[in-house]
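User: I am new to this structure and would like a close look at a single part of it, the helix that carries the buried leucine and its surroundings. Please set that part in the context of the whole chain.

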Amino acid sequence: MKKTTSDMGLNRTGIATSPIDSADIFQQAQERLPSSAGDGSLILEVRQQYARESDGLGSVPPPANLKGVAKTAVELLKGAKPTVFLDKLGERLAFERSGSRLYEGALAKLDVYGTWEGGPTREGLERILDDELAHFGLVSETLTKLGADPTAMTPCADLVAVTSMGLPAVLSDPRTNLRQSLEALLVAELTDNASWELLIELARGLGHDTLADRFQLALDAEAEHLTLVRGWLASGITLEARASQAEPAGAPA
């Protein structure tokens, strides 16, 4: 049977693997005074100081053309703050761009590791990739029509990039297989669904009903992505667990 990462191996990260050394560590720790109170108060002070000195995550850039300036002026006269909507659109644009790269990474894992019964197919992964690219195009088009610059990094775009930076790291890590990569895709799809819901709610609240209807189509597609990824991952975990149970005790890996 092919060895998997859930099989027992020479993992020595736990302290219980070396009872003699761990006993010595405990003894040395008890004989010496701690270097701090251990309550995190010192690092909290440092973080608070940095927060007070920070200028934040930047700002939303001004409109890219005169048409955008006029639209912004109209929204301000209505009492709305158009920069909030533009900021959230910038966030969606950044996330959809990253999403397409995640699925490119998943396709690479598929080529190396193959799939399993009930697992992802090349056609399924490519269809989601195409959807992510289409959603990127939708948001880019929306920003352009609103007079904004889709290449600008807005504060929310910056924030979501930092928040999700671990996801592409999982897909690009040569140690991870396709099933493990699906764990990262599941996190991405859960976030994507919730974020599209928030954007639709914001669009309708600002009177952009036509845009909200188009965004709803994107959300419908993302809901399907979530169902597919969750199903692929569940089948992979179940098959691996059953294979481990069926393997005779002491059988070679």
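Analyst: The accessible surface of the chain comes to about 15,600 Å², and carbon and sulfur atoms account for 60% of that surface. The model is a predicted one. Of the 253 residues in the chain, 34% are buried. The secondary structure consists of 9 helices and 0 strands, so that the pattern read along the sequence is α-α-α-α-α-α-α-α-α. Among the contacts with a separation of 6 or more, 81% join residues that are 24 or more positions apart.

The part in question is helix α8, which covers residues 178-205. With 28 residues at 1.5 Å a residue, α8 should span 40 Å, and its end C-alpha atoms are indeed 40 Å apart, so the expected and modelled spans agree. At the N-terminal end, α8 is capped by N177: a side-chain oxygen of N177 lies 3.2 Å from the backbone nitrogen of R179. Just after α8 comes G207, which takes a positive phi of about 85 degrees.

R179 has a second role in this description. Its side chain forms a salt bridge with E240, with the closest N and O atoms 3.0 Å apart. Because R179 lies in helix α8 and E240 in helix α9, this pair ties together parts that are 61 residues apart in sequence. Both R179 and E240 are buried.

Another salt bridge joins R204 and D213, whose closest N and O atoms are 2.7 Å apart. R204 is partly exposed because its relative accessible area is 37%, a value between the 20% and 50% limits of that class. D213 is also partly exposed, with a relative accessible area of 43%. Salt bridges that share partners also join K88, E91, R92, E96 and D192 into one network. Within that group, the side chains of E91 and R92 meet at 3.9 Å, N to O. E91 has a relative accessible area of 9% and is therefore buried, and R92 is buried with a relative accessible area of 1%. In the chain as a whole, the count comes to 14 salt bridges.

The buried leucine of the request is L185, which has its place in helix α8. Its relative accessibility is 1%, and L185 therefore counts as buried, the limit for that class being under 20%. Leaving aside neighbours within four places in sequence, L185 is in contact with L102, Y103, A106 and V229. From C-alpha to C-alpha, L185 is 9.5 Å from H225 in space, although the two are 40 residues apart in sequence.

H225 belongs to helix α9, which runs over residues 209-246. At 0% relative accessibility, H225 counts as buried. Apart from its neighbours within four places in sequence, H225 is in contact with I128, D131, E132, H135 and E189.

Four of these names lead on to helix α5, residues 122-145, where I128, D131, E132 and H135 are among the buried residues. Other buried residues of α5 include G124, L125, L129, L138, V139, S140, T142 and L143. Helix α5 has 24 residues, and the distance from its first C-alpha to its last is 35 Å, close to the 34 Å expected at 1.5 Å a residue. α5 is followed by G147, whose phi is positive, near 85 degrees.

A part of the surface may be set beside these buried positions. I43, L44, V46 and Y50 form a nonpolar patch there, and together they have about 390 Å² of accessible area. L44 has its place in helix α2, residues 41-53. With a relative accessibility of 45%, L44 counts as partly exposed, whereas L185 in the helix under study counts as buried at 1%.

To return to the part requested, helix α8 is capped by N177 at its N-terminal end, and the salt bridge between R179 and E240 ties it to helix α9. L185, in the same helix, is in contact with L102, Y103, A106 and V229.

Methods: Residues numbered from 1 in each chain as written. Predicted model: local features only at pLDDT ≥ 70, side-chain atom pairs only at ≥ 80, totals over all residues. Heavy atoms only, no water. Helix = DSSP H or I, 4+ residues; strand = E, 2+ residues; numbered from the N terminus. Expected span 1.5 Å × (residues − 1). Buried < 20%, exposed > 50% of the residue type's maximum accessible area, 1.4 Å probe, protein only. Patch = residues over 30% accessible without salt bridge, like charges linked within 9 Å, V, L, I, M, F, W, Y side chains within 5 Å. Areas by Shrake-Rupley, 256 points an atom, 1.4 Å probe, with all protein chains shown as cover. Salt bridge = Lys/Arg side-chain N within 4 Å of Asp/Glu carboxyl O. Polar contact = N/O pair within 3.5 Å; in protein donor to acceptor, adjacent residues only side chain to side chain. Contact = heavy atoms within 4.5 Å.
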